[in-house]
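Reader: I am new to this structure and would like to know how its descriptions are justified. Please take my questions in turn.

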Amino acid sequence: MLALFDLDNTLIDRREGLMDWARGFARSRGLPAGAESAICERLRERAYPADFVHLRVVLGLNDDPGDLWREYVEGVALSVRCFPGVREGLEALQGAGWSLGIATNGAGDIQRAKLTVTGLASFFNGIAVSEEVGVRKPAYEHFEAAAELCGARLGAGGWMVGDGPETDMEGGRVAGLRTAWVANGRRWAEGPREPDVVVRGVTEAIEVILAATD
Ligand SMILES: [Mg+2]
């Protein structure tokens, strides 16, 4: 059976990693107060090279935007951590015979750098990054590509675990998967259709998936 996972703020704490990086970057460049929050605000949901064309101007930097992007990719990959218990949970799923996949929106270099540095990449049979597969969640085709990379078919069912109400939960539901929403302290309020399961964090979702195979 197939279990697909979102990456940012599901398996890894991107929010915290971004804040750490922005703080260090602002300090290293001697940027004025407010720079850190401008960076976090701009990159809150997602970061692409084009964001650094904008930030370069806003922050008054002379650097080449491509260099800034590379500095960000390396720096954030080193700053992010996976949530406690994630590796053990993925290991348990592997042991129980699940095929594991990543379904994430974003640029290939940054998403893969985070998976490598956190040591998570090796747990996954397939990794679908929107920039690489050419289609973003919640599109059906994104989930289809993720399943294919895992050597699986969506028609055989499975799970989608993520923190995005639209991208992960609605997308996963339309793809025919059971859905586990990682609340991260929020309450489910969006959309008419509730996910199959609401969990506090990803390790709880993994417990639910493991129990469902009994
Ligand atoms: Mg997410």
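Reader: What covers the buried residues of helix 4?

Author: This is a predicted model. In it, the cover over the buried residues of helix 4 includes helix 1, helix 2 (35–43), helix 3 (49–58) and helix 6 (108–117). The buried residues of helix 4 are Pro65, Leu68, Trp69, Tyr72, Val73, Gly75, Val76, Ala77 and Ser79.

Reader: How do you know that the span of helix 4 agrees with its number of residues?

Author: Helix 4 covers residues 65–79, which is 15 residues. At 1.5 Å a residue the expected span is 21 Å, and the end C-alpha atoms lie 20 Å apart, so the two values agree.

Reader: What makes Asp64 a cap of helix 4?

Author: A side-chain oxygen of Asp64 is 2.9 Å from the backbone nitrogen of Gly66, at the N-terminal end of the helix. A polar contact requires N or O atoms within 3.5 Å, and the 2.9 Å of this pair meets that cut-off.

Reader: Which residues coordinate the magnesium ion, and what makes their atoms donors?

Author: Asp6 (OD), Asp8 (O) and Asp163 (OD) coordinate the magnesium ion, at 2.1 to 2.2 Å. A donor here is an N, O or S atom within 2.8 Å of the metal, so these oxygen atoms qualify. Water is not among the atoms, so the site may look incomplete. Along the chain the donors follow the spacing D-x1-D-x154-D. Asp8 and Asp163 link distant parts of the chain, 155 residues apart. Asp8 is in the loop between strand 1 (2–5) and helix 1 (14–28), and Asp163 is in the loop between strand 4 (158–162) and helix 9 (165–174).

Reader: Why is Asp163 called buried?

Author: Its relative accessibility is 12%. Buried means under 20%, so Asp163 counts as buried. Asp8 is buried as well. Leaving out residues up to four places away in sequence, Asp163 touches Asp6, Asp8, Asn9, Thr10, Asp168, Trp181, Val182, Asn184 and Arg186.

Reader: What makes strand 1 and strand 2 a pair?

Author: Strand 1 and strand 2 (residues 99–104) are joined by 4 bridges in the parallel sense. Pairing needs at least two bridges, so they count as a pair. One of the bridges can be placed by its partners: Phe5 has Ile102 as its bridge partner in strand 2. Strand 1 also runs parallel to strand 4, again with 4 bridges. There, the bridge partner of Leu2 is Gly158.

Reader: How do you know that both faces of strand 1 are covered?

Author: Leu2 and Leu4 on one side are buried, and so are Ala3 and Phe5 on the other. In a regular strand the side chains alternate between the two faces of the sheet.

Reader: Why is Lys114 called buried?

Author: Lys114 has a relative accessible area of 1%, and the cut-off is under 20%, so the word applies. Lys114 is found in helix 6. Its contacts, not counting residues up to four places away in sequence, are Leu7, Asp8, Ile12, Arg14, Val76, Ala77 and Val80.

Reader: What is notable about the phi of Asn9 and of Asn184?

Author: Most residues other than glycine have a negative phi, and most peptide bonds are trans. Asn9 is not a glycine, yet its phi is positive, about 65°. Asn184 is not a glycine either, and its phi is about 50°. Asn9 sits in the loop between strand 1 and helix 1, and Asn184 in the loop between strand 5 (178–182) and strand 6 (197–199).

Reader: Why is Asn9 called buried but Asn184 partly exposed?

Author: Buried means under 20%, exposed over 50%, and partly exposed in between. Asn9 has a relative accessible area of 10%, so it is buried. Asn184 is at 27%, so it counts as partly exposed.

Reader: Which peptide bond is cis?

Author: The bond joining Lys137 and Pro138 is cis, with omega about 10°. Pro138 lies in the loop between helix 7 (130–133) and helix 8 (140–149).

Reader: How many disulfides does the structure hold, and how do you know that Cys150 is in no disulfide?

Author: The structure holds 0 disulfides. For Cys150, the nearest cysteine sulfur is that of Cys82, 19 Å away. A disulfide needs sulfur atoms within 2.5 Å, so Cys150 is in none. At 9% relative accessibility, Cys150 counts as buried, and so does Cys40, at 14%.

Methods
Residues numbered from 1 in each chain as written. Predicted model: local features only at pLDDT ≥ 70, side-chain atom pairs only at ≥ 80, totals over all residues. Heavy atoms only, no water. Donors = N, O, S within 2.8 Å, 3.2 Å for Na, K, Ca; no water. Buried < 20%, exposed > 50% of the residue type's maximum accessible area, 1.4 Å probe, protein only. Expected span 1.5 Å × (residues − 1). Contact = heavy atoms within 4.5 Å. Polar contact = N/O pair within 3.5 Å; in protein donor to acceptor, adjacent residues only side chain to side chain.
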